[in-house]
Amino acid sequence: FSDPIADGPVIQAAASRALAAGVRPQDCWALLASFRKSHPDVPIGLLVYANLVAQGGVAAFYDSATQAGVDSVLVADVPVREGAPFEEAARLHGIAPVFSAPPNADAARLDAIAAHSAGYTYVVTRAGVTGADQAIRQESAGLIRALIERNAPPPVLGFGISSPEHVRAALAMGAAGAISGSAVVARVAEHAGDPDRLDQELTAFVQSMKAATR
């Protein structure tokens, strides 16, 4: 994707590499369908942008997602107040619509997020774009509590999660989980020319992050 609004330089660079290699949405659907066939019980959640959903028609996008075995879709640049067409299409296709809870969300917005999200709630740790942080900001604890009080889908903390310590901090604040993107993609970029080393490094990292949830 040529303009990843919420993503920092690491994921922007990954998008540029993918485009330069000729990757297109249909390739991604095929990859997802292959993964779903070999791993029928692993949840698949997408994070995409509105133009990727709308350019071929919202209903068509969610139909493709269903055919590929997708469980949830978060459209990163669509706030809950503009989310009705996406939510409706998602639910009609049996897909959970996910909305983000930003750090500056007021009570009315949190009410709407709790009412309209399904699957999980993406809790954004800070303003700005994605990227690994040195520490997780404790202000997110209040946002997590507010969502739990509203019976929102399980709050999962994202933006800046790059170490097992971050995962433990997220759970200590009441989050149901943590999302790590840039830290994973950075490892892919670093070892892209050595698939065996990439497999080792990525496996070790993911296992250490998962271990921090136990």
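A cavity is taken here as a set of grid points where a 1.4 Å probe fits but cannot get out, and by this rule the predicted model contains 1 cavity of 30 Å³ or more. The space in the largest cavity amounts to about 60 Å³. Its lining is made up of Y62, V73, V75, V78, F86, A90, P97, V98 and F99, and these divide into 9 nonpolar residues, with no polar and no charged ones. Strand 2 (72-75), helix 5 (84-92) and strand 3 each contribute at least two residues to this lining. Strand 3, which spans residues 96-98, is also the element with the highest mean pLDDT, at 98.

Confidence in the chain can be described in a similar way. The mean pLDDT of the chain is 91, and 92% of its residues reach 70 or more. Among the elements, the lowest mean pLDDT, 91, belongs to helix 1 (residues 9-20). Over residues 128-133, however, pLDDT stays under 50, and for this segment the model has 25 contacts beyond four places in sequence. Where pLDDT is low, the predicted coordinates should not be read in detail.

An open sheet is formed by 4 strands in the order 4-5-6-7, with parallel pairing. Its edges are strand 4 (100-101) and strand 7, each of which pairs on one side only. Strand 5 (residues 121-124) is joined to strand 6 by 4 bridges in the parallel sense, and within this pairing Y122 has V156 of strand 6 as its bridge partner. Strand 6 is in turn joined to strand 7 by 2 bridges, again in a parallel arrangement, with A178 of strand 7 as the bridge partner of L157. Strand 6 (residues 155-158) is covered on both faces, since P155 and L157 on one side and V156 and G158 on the other are all buried.

The loops on either side of strand 6 each hold a residue with a positive phi that is not a glycine, and the two can be described in turn. N151, in the loop between helix 7 (140-149) and strand 6, has a phi of about 55 degrees; the residue is exposed, with a relative accessible area of 68%. F159, in the loop between strand 6 and helix 8 (164-172), has a phi of about 80 degrees, but this residue is buried, with a relative accessible area of 10%.The second largest pocket brings strand 7 and helix 10 into the description. About 360 Å³ of space lies in this pocket, which is lined by 13 residues, with A178, S180, M209, K210 and T213 lying nearest its centre. A178 is thus named both in this lining and as the bridge partner of L157. Strand 7 (177-178) and helix 10 (195-211) each supply at least two of the lining residues, and helix 10 gives the most, with 4 residues. By residue class, the lining of the second largest pocket divides into 9 nonpolar, 3 polar and 1 charged.

Technical notes: Residues are numbered from 1 along each chain as its sequence is written. This is a predicted model: local features need pLDDT of at least 70, side-chain atom pairs count only at pLDDT 80 or more; totals for chains, interfaces and linings use all residues. Side-chain values use heavy atoms; hydrogens and water are left out. On a 1 Å grid over the protein atoms alone, a cavity is a set of points where a 1.4 Å probe fits but cannot get out, and a pocket is an open set with protein on both sides within 12 Å along at least five of seven lines; lining residues have an atom within 4 Å of a point. Grid points are joined across faces, edges and corners, and a volume is the space filled by probe spheres set on the points. Ala, Val, Leu, Ile, Met, Phe, Trp, Tyr, Cys and Pro count as nonpolar, Asp, Glu, Lys and Arg as charged, and the others, Gly among them, as polar. pLDDT is the predictor's confidence in each residue, from 0 to 100. Contact means heavy atoms within 4.5 Å. Buried means under 20% relative accessible area, exposed over 50%, partly exposed in between (1.4 Å probe, protein chains only). Two strands pair if DSSP finds at least two bridges between them.
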